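Work through the following exercises with the coordinates open, and check each step of the solutions against the atoms. The model is a predicted one.

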Amino acid sequence: MAMVVWRTWVRWAGPASVVIWLVALAVFGARLPFYDQMRHPVSLLGATGVPGAGSFNALGFVLPGLLAALAALGLVLRMPATASRPLRVAGQMLLLAGLAFAAMGVFPLDAQDIENRASQAHASVWLLWLVAFCAGAAMLRVGAARDAAWRPVATLAVACAVWMLCSAFVFGSVMPVAMAQRLAFLGWALWLALLARLAPC
């Protein structure tokens, strides 16, 4: 019974993470009269001094990040004892990405001073989230080369990683940075939503 409950939690952790993040973004964004989803970054909702910042950090970053880490842990536990080293490293990096996302809520942005240590810490964990996921996707693809069962989820991971990199470093030149940031988050959300469906049983 306990195993069934655990598998259910793991299976729904990814989609739940996406839903909670989207709801938090919509609800907390609507509560602030000055906030514009098209122009303002997501992190502003959790910035120091913004009304409701603590609650948003908990529901918009920490909880979704921990659920994403749980989904990645489920992926690791699905790997057989004979899984190659690249597959195992991939699982660890994807788990790290989830924890880094949660850390964005632990180290909030300071809207009054984007150059201070608090803001730099937030930017650092954001970059760690991006790098860890992309590295995990690449290693997953390397490991999947020897195991056909892992190719669908590896292909999805690489596609999402490329999309996220483009969103983070390319799209910002042709659209508002806030929109490009959201596209990066949505690439990760797609991965989380489909992870349990595509991963080998």
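**Exercise 1: a nonpolar surface patch**

Task: find which residues make the nonpolar surface patch of about 440 Å², and which elements give two or more residues to the patch.

Solution: The patch of about 440 Å² is formed by L127, V131, L165, F169 and V170. Two or more of its residues come from each of the elements α4 and α5. As a check on one member, F169 lies in helix α5, and F169 counts as exposed because its relative accessibility of 56% is over the 50% cut-off.

**Exercise 2: the nonpolar core**

Task: determine how many residues the largest nonpolar core has, and which helices supply at least two of them.

Solution: The largest nonpolar core contains 59 residues, and those with the most contacts inside it are W129, F133, L140, W188 and W191. At least two core residues come from each of α1 (2-31), α2 (53-78), α3 (85-106), α4 (117-144), α5 (151-169) and α6 (177-198), with α4 giving the largest share, ten residues. Leaving aside residues up to four places away in sequence, W129 touches A97, A100, F101, M104, M164, A184, F185 and W188.

**Exercise 3: the cysteines**

Task: decide how many disulfides the whole structure has, and whether C134 is buried or exposed.

Solution: Searching the whole structure gives zero disulfides. For C134, the nearest cysteine sulfur is that of C166, 9.8 Å away, whereas a disulfide requires sulfur atoms within 2.5 Å. C134 is buried, because its relative accessibility of 13% is under the 20% cut-off, while C166, at 26%, is partly exposed.

Conventions. Residues numbered from 1 in each chain as written. Predicted model: local features only at pLDDT ≥ 70, side-chain atom pairs only at ≥ 80, totals over all residues. Heavy atoms only, no water. Core = buried A, V, L, I, M, F, W, Y, C linked by side-chain atoms within 4.5 Å. Buried < 20%, exposed > 50% of the residue type's maximum accessible area, 1.4 Å probe, protein only. Helix = DSSP H or I, 4+ residues; strand = E, 2+ residues; numbered from the N terminus. Contact = heavy atoms within 4.5 Å. Patch = residues over 30% accessible without salt bridge, like charges linked within 9 Å, V, L, I, M, F, W, Y side chains within 5 Å. Areas by Shrake-Rupley, 256 points an atom, 1.4 Å probe, with all protein chains shown as cover. Salt bridge = Lys/Arg side-chain N within 4 Å of Asp/Glu carboxyl O.
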